[in-house]
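Reader: I am new to this structure and would like to know what stands behind the words used for it. Could you take me through some of them?

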Amino acid sequence: MKSISLTVAFFFAVFILSATIQDQARIPAGISTAIKSGNATELSKFMNSTVELLVLDKEDFYKKNVAETILKDFFTSHHVRDFIIRHQGGSNDAQYAIGNLKTETGDFRVHILLKKVGQDLLIHQVRIEPDNEE
């Protein structure tokens, strides 16, 4: 009977620990919502003052306002139909997410890297590349 109680307690502890780790490894929901709606202005609220963008033929470090304009142009040319985060993880100081972006002109793979700045997790890198998985 004692071993059953210990086993139940062990699995309960593992469940609580894994739930806590998963909560830490979540990017802010507003990022996913902004991408899903193709809203570069809303997405820029989560950006660091300088962001590394790799969006189709554009690849460089950009000031936040320039990055917003580039993403706005992308979303204008590629109207978003859906965005789903497929994988995310990280530690307390950095988070990442990988998702699939479906647009009217094709599908893209999106990589987002966030790093802690003060108390906030801010976007430091966004990659949007054609998704050649078919």
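Reader: Why is Glu68 called buried?

Author: Buried means under 20% relative accessible area, exposed means over 50%, and partly exposed lies in between (1.4 Å probe, protein chains only). Glu68 has a relative accessibility of 15%, so this residue counts as buried. Keep in mind that this is a predicted model, where local features need pLDDT of at least 70, side-chain atom pairs count only at pLDDT 80 or more, and totals for chains, interfaces and linings use all residues. Residues are numbered from 1 along each chain as its sequence is written, and side-chain values use heavy atoms, leaving out hydrogens and water.

Reader: What makes Glu68 and Lys72 a salt bridge?

Author: The term asks for a side-chain nitrogen of Lys or Arg within 4 Å of a carboxyl oxygen of Asp or Glu. Glu68 and Lys72 have N and O at 3.6 Å, so the pair fits the definition.

Reader: And why is Lys72 called partly exposed?

Author: Its relative accessible area is 40%, so Lys72 falls between the two cut-offs.

Reader: How do you know that Lys102 and Asp107 form a salt bridge?

Author: Their closest N and O atoms are 3.4 Å apart, so they too meet the definition. Lys102 is partly exposed at 34%, and Asp107 is partly exposed at 33%.

Reader: What makes Asp131 buried?

Author: Asp131 has a relative accessible area of 13%, so the residue is under the limit for buried. Its side chain meets that of Arg109 in a salt bridge (3.8 Å, N to O).
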